[in-house]
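Good morning, and thank you for making time for this presentation. I should like to take you through one structure, beginning with the whole and then turning to selected details.

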Amino acid sequence: MNSPHMSMDSECMLLLPSVCALLADCDKPLPDDTSLEKLLDRLTGLSESGVSLPESCPCLLDFISTVTNNTTCDPSILSFALKLSGLMAATDDGFRALQQERLLLDVSFNIQHWQDAGLWGDPCIRIGWIQGLRRMILHPKALCFFVLSGSITPLLKLQTDASLFVASAASQLLAHILLTFQPSSPSLSNMTDKEDTQYTDVVWQTLDYIKESLVPKDCTHVPRTLQVLKLLALILDRAVTPLRDQLLKAVAGSLEELVEVGYSQLTAALMDVIMAVYSSDIEEGTRLLSFMLNVNKPADLVHAAAAFLHRDHHDPVNTTQAVKILLMPIDICTGNSLLGTVPAEDRHRILISAQLKSKTSFISTVCVCLRNAPQIALMPPDVLPCPTTLIVLAVVSLLRRCNGDISSPDGCSDEAFRCIVASGKVQKCALEALASLSSSPGANNTMKEVFQVLILYMRNPDSDPTVLHKSYKALIQWIHLCTDLRSISQQLSEDVMMTVKKRVCDPRWEVRDSSVEFLAQLGSVLSLKSASEDLLSACSTTPLLKAALQDPESYVRASAISALAGTLAPNFQQEAPLQQDQVDIMSQLLNILREDPEGFARRAVVQCFISWFSSCSSPSLSPSRLLLDSVRTVLSRGSMDLDWEVKLNTLELAELLLDTTLSGHPGYWKCGSGHPYAAFPEQAYALHTRTNGQDATLDSALGFLVDQGVISALLSGLVDCDRPVGLKASRLLITIRDTVCPLLAGTTDERTAMAPSVSCELPKCDWGKEIRQMLKRTSSEEDEGQRVSVCKVLTSLGLDDCLVLLSQSSDHVHNSFLSLLQDILSTRAAHRGTDIDGGQEVIVDCY
């Protein structure tokens, strides 16, 4: 029973028989399915840690015996019993116990038993049977049991079960069996000749099933073929010789036949199989690909070409053909001669042109091609039918046509124009493609045409907000590409800025939000590329962002604040001249933190100050007096906010001041970052000693932290009702304590004499009152004054205990094995209650 990893305490062992009895009693109320899954997880953990379930929990064997022989039990309980049987049978003692104890394995996994009881039709039973077998297969003797019980036949039938969940689980199990016990697997090292023969029988039955099921007899059999293709791809991806060779030999002919049949619903799954073949057998894979890239349905053709290009293995012939197939629809839409001179009788052109009769189908095909255009543009020149610049210009031309441009070069299909004009789906795909094409070879030679079409979309008042957002994103990508901003300075300062000024006043908040985000990105790019003063002045975004702070939509206000964080960062360094505009913006931000009803905007304000303070908190750059004074206000207001994320961000700002102020002092360590809910490792901080006369600057540093409001913000956070806030505050307070408070041996008076004489104010209400009560519990001294010694507070609050308590999630109390068993048992008591008026049972969900 005892295990170095995990064990059950005595109370759990006492409760488990009662839980099993409750579950086995068909007249008793059922716990919810979540409780059953949690119970199985707990038992799995015990088994995996080395606990013998049959020896430690014999009640489980009784439970399985009772339930499997009482077919009137609820299917969810029966399913649980099957999974539990598989779990126990995965170990040697469990397998032996289940075989010897009333032949429980034979009963549990006998399909006929469940069919005779009329229960096999319930998906719960089938899933329990599959998952139980999946767990059991871990045992070396399980394969022999699987074969002798004839389980391969029902497992093959379950591959096309009416329940997709069951069918998927069945496929996973069959693949797992074949791959786990294939001849090259370590699992076969101890297999006897008889077991090897049994495994071979399983393989041949599976191969026969796949071969017979691959080609559907009619459309009603397509779902069955789809599931078989998924199974085949799953096995081929991981199979090795000889299993892989056996599979390929068995299915090659059926795969060719399936390609010729041409069911569109099977294209994606069929390509997964073909590419799995291709990765292991180039010759056979190439042959199948050639079949696939010459199918008669244009949509299938395009999807097949795209699936091929997404794989790592390419051959010149098929790659060239796939590229031409994917560029053909764009060529038809734009007439940009991407494929050179293509004869009118070209088979692929005829097929795709015929698809124009279905607008929906053609648009879908064009979008697939656009999504692949950036990848095509990065391919070696020897597989491309045209220069990459032509691909970029074709996408530009396509965007113009979508926007209603009726002028087009010769060879452009009017029928295609009618399909794509005003199609938001095509516009979005084309803009995404254009953004990605900025990294293609020679893209800078198309800068003029790209800018023109993007500005056209930005100006169009009918542009969908998402289309406009993608236009902005693409424009930023192409500005990044530009090596000489002078070539586009006029377009930026006149066309772009004039358009954006109108867009920030758009009645649709999504458009205003995208425009504000664009302004932030534009300012960042121009600064990164060291734009000239004239261009920076012409593209100044501050007035627009300042106005957006008053926007009625909180998302827009938050975006404007985030944008200002990057735009004004250099202005709050100590040597930067102070301007009235900065004072006004600072005042607006503090007002938003105090009065804005939405948490988005208030969080953004604190993040803004974090960004500004981070940018000028290095030894070479100091924050301006305006920023420091404002930070004090942010700490005060932010620590009292009702939004826990605002409070947590406020503590991050406090941590920045802490790092800046105490960095370099002996014993100081930077508080580790991490998710606020992450457990804090015990003793992860280092204690230090402070010698007599050490460093008066430490007193000054502590005084600065008090004056800035850092200590008050942290003490407020320590008693906050939100655990992440309290956790962060306790970590930072321990950091300060271990840096500034001496930890020397000696009397209390000696230690007090060594401590910094800095005091802080504790308000008479709110968090100050709670801190005082905590101090009274740990000290007999009465202290009713408003100011107390910082070191006394830090050393008397029991911060280490607070940290341990806050580091523990509620799961350590409420999600233990014991609490789970108690909850399951509590359903019985809950169901004994009755409704006074109607006499109906009161059903209580434990979770």
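A residue is called buried here when its relative accessible area is under 20%, and exposed when that area is over 50%. With that cut-off, buried residues make up 52% of the 847 residues in the protein. Please bear in mind that what you see is a predicted model.

As to secondary structure, the protein has 44 helices and two strands. Among the contacts with a separation of 6 or more, 71% are accounted for by residues 24 or more positions apart.

Let me turn to helix packing. Two packed helices are described by the angle between their axes and by the distance between the axes. I have chosen two pairs.

The first pair is helix 9, residues 123-136, and helix 12, residues 164-180. How do these two pack? Their axes lie 10 Å apart, at an angle of about 20°. An angle under 35 degrees counts as roughly parallel, and helix 9 and helix 12 are therefore roughly parallel to each other. Their crossing is left-handed. On the side of helix 9, the residues that meet the partner are Pro123, Arg126, Ile127, Ile130, Gln131, Leu133 and Arg134. Helix 12 contributes Phe165, Val166, Ala169, Ala170, Gln172, Leu173 and His176. By class, the residues of this contact comprise nine nonpolar, three polar and two charged.

Staying in this region, consider the loop that joins helix 9 to helix 10, the latter being residues 142-148. Two residues of this loop deserve attention, Leu138 and His139. Which of the two classes, buried or exposed, does Leu138 fall into? Its relative accessibility is 63%, so Leu138 counts as exposed. His139, by contrast, has a relative accessible area of 4%, and is therefore buried. Beyond its neighbours within four places in sequence, His139 is in contact with Ala89, Ala90, Thr91, Asp92 and Phe95. Leu138 can also be placed relative to Ala89: the two are 49 residues apart in sequence, and their C-alpha atoms are 8.5 Å apart in space.

The second helix pair is helix 32, residues 580-595, and helix 33, residues 599-615. Here the axes are 8 Å apart, and the packing angle is about 135°. That angle makes helix 32 oblique to helix 33. Helix 32 passes helix 33 in a left-handed crossing. From helix 32, the contact involves Met586, Leu589, Leu590, Ile592 and Leu593. From helix 33, the participants are Ala601, Arg602, Val605, Val606, Cys608, Phe609 and Trp612. These residues divide into 11 nonpolar and one charged, with no polar residue.

Within this contact I would single out Leu589, which belongs to helix 32. Its relative accessible area is 0%, so Leu589 is buried. Apart from neighbours within four places in sequence, Leu589 touches Leu549, Ile561, Val605, Cys608, Phe609 and Trp612. Measured against Val606 along the chain, Leu589 is 17 residues away, and the C-alpha atoms of the two are 9.1 Å apart.

Next, the aromatic residues. How many aromatic pairs does a search of the whole structure find? The search finds seven. One pair is formed by Trp120 and Trp129, with 5.7 Å between centres and 90° between planes, an edge-to-face arrangement. Both Trp120 and Trp129 are buried. Separately, Trp509, Tyr555 and Phe600 form one aromatic cluster.

Finally, some remarks on backbone geometry. Most residues other than glycine have a negative phi, and most peptide bonds are trans. Which peptide bond is cis in this model? The bond from Thr241 to Pro242 is cis, with omega near 5°. Pro242 sits in the loop between helix 14, residues 222-236, and helix 15, residues 243-261.

Ala422 has a positive phi of about 65°, although it is not a glycine. This residue is located in the loop between helix 23, residues 414-420, and helix 24, residues 424-436. Because its relative accessibility is 61%, Ala422 counts as exposed.

To close, I return to the two loop residues after helix 9: Leu138 is exposed, whereas His139 is buried. Thank you for your attention.

Conventions. Residues are numbered from 1 along each chain as its sequence is written. This is a predicted model: local features need pLDDT of at least 70, side-chain atom pairs count only at pLDDT 80 or more; totals for chains, interfaces and linings use all residues. Side-chain values use heavy atoms; hydrogens and water are left out. Axes are lines fitted to C-alpha atoms, for helices over the stretch in contact, and angles run from 0 to 180 degrees between N-to-C directions. Helices (H or I, at least four residues) and strands (E, at least two) are DSSP runs, numbered from the N terminus. Angles under 35 degrees count as roughly parallel, over 145 as roughly antiparallel, 65 to 115 as roughly perpendicular and the rest as oblique. A crossing is left-handed if the near helix is turned anticlockwise from the far one by less than a right angle, and right-handed if clockwise. Contact means heavy atoms within 4.5 Å. Ala, Val, Leu, Ile, Met, Phe, Trp, Tyr, Cys and Pro count as nonpolar, Asp, Glu, Lys and Arg as charged, and the others, Gly among them, as polar. Buried means under 20% relative accessible area, exposed over 50%, partly exposed in between (1.4 Å probe, protein chains only). Rings of Phe, Tyr and Trp (its six-membered ring) pair if their centres lie within 6.5 Å; planes under 30 degrees apart count as stacked, over 60 as edge-to-face and the rest as tilted.
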